[in-house]
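User: Could you take a close look at the sheet in this model and walk me through how its strands fit together?

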Amino acid sequence: MTPIPPQPPEHQSASPFRRLQNPSDSGSFLLAVIAGIPIRIHFTFLLLLVLVAATGIGGNQGHSLISVIYVILLFACVVLHELGHALTARRYGIRTYDIVLYPIGGVARLQNLPDVKSELWIALAGPAVNVVLAALLGIAIAAAGVPFDPSQIPAPLPRLVVDLFWSNIALFAFNMLPAFPMDGGRVLRSFLAKYLDVLVATRIAASIGQGLALLLGLWSLFTLNPLLLLIAVFVFVAAGQEANAYQTHVLATGHTVREAMLRDFHTLSVGDTLRTAAEKLLSGSQHDFPVVFGEEVQGVLTRADLLRGLAQEGPDAYVAGVMQRDFTYVYPNTDLEQVLQAFTPNKPILVMEPPQTPTDSPKLIGMLNQENVLEFLIISHFNSRPHRLD
């Protein structure tokens, strides 16, 4: 069981996570931990290395090796770029879940959304790292008397250094484009938020990002460049997703779990059969069920677990045999914005009253799922809007 415990009962204004849920970890594996931040690499990045190495088959294998080394060093620069974001966010009290490397770049996932002022400096920190790296590489190139034009350098190693110099300048320029989800888009939103509502500023920055992605996509089709097309698709999708996610988190700010939780729900006993669970599933709109023994929660049975159990074990099998014993619970005074980070697909979060004594167990009082939280946010948003009198 995975609690998301609050402060002690006398002070429950916030609640730190004890274990972080990382739904996007699928397909990635841990590469290293730097400054307490896990660095993960997505399996598609390895495919990129294989593709780069394959370009040397039948040709100059030495140059193929240099190409692989270049890609690795380039993504080391990307890691440093993302660490710039993460370490600056730490100065503002914002923790970073991890940094994940993809073939088209890296993503640093922050635990909380920064305010407008801190977001400006967090966004600028990453490109600033590329400026510093480019300056150091530029000094080394000038000191060695190597030309800055890669086409004039026959030796592979000096050319690699010059390529890294220009790559860091390109990373700075690309990330500073004033469009979501690039860093420049976050800087633009931070500037617009001084004069506009933050949600309006977010939509403007996201619209610019998607417009830029469309232009980039058209250019990739005109030039027959598949890499540009991949980047265009990524930017377009990411701009929309980040704008929606930001809107959800803004709407959740100021609300607690107690306001959004489901209070009317059914539970199952560990001794119930899957037939009983199926009857409860069909008799109402509830899809996921806490499984209890007496008053103590033992696990969670989701609809997917139930259907799989019926297919594999039959309707007379016991719920205890197919339920998930690892579940997440949260206390009712926890900030709703914080709980949004803990959701995993198709799995509820249970709401427990904190124990009054060390020997007591938390008491189940509610449930949260992504659908009911979204409904709550939409309804509370419209209820909070001023009504027009026509």
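Analyst: Two strands count as paired if DSSP finds at least two bridges between them, and strands (E, at least two residues) and helices (H or I, at least four) are DSSP runs numbered from the N terminus. This is a predicted model, where local features need pLDDT of at least 70, side-chain atom pairs count only at pLDDT 80 or more, and totals for chains, interfaces and linings use all residues. Residues are numbered from 1 along each chain as its sequence is written, and side-chain values use heavy atoms, with hydrogens and water left out.

Now the sheet itself. It's an open one with three strands in the order β6-β7-β8, and the pairing is mixed. β6 (268-269) and β8 are the edges, each pairing on one side only. On the β6 side, β6 and β7 run parallel and are joined by two bridges; L268 has V291 in β7 as its bridge partner. Helix α9 (residues 274-283) packs on this sheet and touches β6, β7 and β8 (contact means heavy atoms within 4.5 Å). The direction of α9 makes about 140° with that of β7; axes are lines fitted to C-alpha atoms, for helices over the stretch in contact, and angles run from 0 to 180 degrees between N-to-C directions.

Over on the other side, β7 (residues 289-293) and β8 (residues 296-301) pair in the antiparallel sense over five bridges. One of the pairs there is V292 with V297 in β8. Two residues sit between the strands of this hairpin, and G294 takes a positive phi near 70°.
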